[in-house]
Amino acid sequence: MATAAVDRQQQTSAWWIFLFQGIAAILLGLMLLTNPGATLVALTTFLGFYLLITGMLALVRVFVDRSTSRLWSILSGIVGILAGVFVLNHPLLAAVTVPALLIIVLGFEALSMGLFEIIRGFQGGGAGAFILGAINALIGLLLLVRPMGAALAVPFVLAVLLLIEGVGLLIWAFRARP
């Protein structure tokens with residue numbers, strides 16, 4: 001009981017964090033809606049710096065953290081640094097390829113999930129599993145056939161999700177405010 005009161009007190013004392021997160025999400029969503037190309041290039045540049053920094057930190061982890069495999073830390077560090085340098089040197093190319101790569105990964109995931117659900121439907125999982133599997137497989141095929149077309153929708157979908165999240169965070173902030 002006392003823990004719930006402490007948790008509620010901590011939530012209400014940090015209501016302004018939710019407010020700023022909501023404002024940032026709404027602003028980013030509006031930027032993606034009004035100028036998706038420039039916003040995507042800017043986000044890709046941030047991604048490049050993120051990859052570069054996490055790659056460097058993975059290499060530092062080789063010398064500091066003995067609990068992780070040295071080989072994997074070195075490999076992930078080198079790949080992170082190379083990816084970061086590539087993205088920072090070619091931001092326009094990365095702004096096109098990163099969403100397309102995401103679509104390809106999601107396409108393979110949807111296709112494999114769909115095939116597994118279809119198999120489950122034939123093994124006694126019922127008609128619902130078969131129908132869901134067919135829908136997933138169809139979506140996966142559509143994504144894989146036209147990854148660039150689907151990638152064009154990524155900024156719009158991300159913008160809508162950010163706007164919804166931003167409004168939800170604003171509502172949460174004003175409800176949590178003391």
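I118 is buried in this predicted model, with a relative accessible area of 18%. Because the cut-off for a buried residue is under 20%, I118 falls on the buried side with its 18%. The residue lies in helix α5. Leaving out residues up to four places away in sequence, I118 touches A129, F130, G133, A134 and A137. A look at S69 gives a feeling for distance along the chain and through space: I118 and S69 are 49 residues apart in sequence, and their C-alpha atoms are 38 Å apart.

Helix α5, which covers residues 91–125, also holds R120 and E117. The side chains of R120 and E117 meet in a salt bridge, with 3.1 Å from N to O. The count of salt bridges comes to 1. The two partners are 3 residues apart, about one turn of the helix. Both can be placed on the accessibility scale: R120 is partly exposed at 43% relative accessibility, and E117 is partly exposed at 22%.

Another buried residue is S73, with a relative accessible area of 4%. S73 is found in helix α4, which spans residues 70–89. With its neighbours within four places in sequence set aside, S73 is in contact with A58, L59, R61, V62 and T68.

Next come the aromatic rings. A pair of aromatic rings is described by the distance of the centres and the angle of the planes. A search of the whole structure finds 3 aromatic pairs. One of them is formed by W16 and F20, whose rings are edge-to-face, with 6.2 Å from centre to centre and 75 degrees between the planes. Planes over 60 degrees apart count as edge-to-face, so the 75 degrees between W16 and F20 earn that name. W16 and F20 are separated by about one helical turn because they are 4 residues apart in helix α2. W16 is partly exposed, with a relative accessible area of 43%.

F18 and W172 also form an aromatic pair, again edge-to-face, with 5.8 Å from centre to centre and 75 degrees between the planes. This pair links distant parts of the chain, since F18 is in helix α2 and W172 is in helix α7, 154 residues apart. F18 counts as partly exposed at 22% relative accessibility, and W172 counts as partly exposed at 40%. A ring also takes part in a contact with a charge: the charged end of R177 sits over the ring of W15, 5.7 Å from the ring centre.

Helices α2 and α7 return in a feature of the surface. A nonpolar surface patch of about 630 Å² is made by L30, L33, F156, V157, V160, L161 and I164. Helix α2 (15–34) and helix α7 (147–176) each supply at least two residues of the patch. Which helix gives the most to the nonpolar patch? That helix is α7, with 5 residues. L161, one of the patch residues, has its place in helix α7. With a relative accessible area of 52%, L161 is exposed, because the exposed class begins over 50%.

Conventions
Residues are numbered from 1 along each chain as its sequence is written. This is a predicted model: local features need pLDDT of at least 70, side-chain atom pairs count only at pLDDT 80 or more; totals for chains, interfaces and linings use all residues. Side-chain values use heavy atoms; hydrogens and water are left out. Patches are made of residues with over 30% relative accessible area and no salt bridge: like charges are joined within 9 Å, nonpolar side chains (Val, Leu, Ile, Met, Phe, Trp, Tyr) within 5 Å. Accessible areas come from the Shrake-Rupley method with a 1.4 Å probe; for residues, only the protein chains shown count as cover. A salt bridge is a side-chain nitrogen of Lys or Arg within 4 Å of a carboxyl oxygen of Asp or Glu. Buried means under 20% relative accessible area, exposed over 50%, partly exposed in between (1.4 Å probe, protein chains only). Rings of Phe, Tyr and Trp (its six-membered ring) pair if their centres lie within 6.5 Å; planes under 30 degrees apart count as stacked, over 60 as edge-to-face and the rest as tilted. A charge sits over a ring if NZ of Lys or CZ of Arg is within 6 Å of the ring centre and within 35 degrees of the ring normal. Contact means heavy atoms within 4.5 Å.
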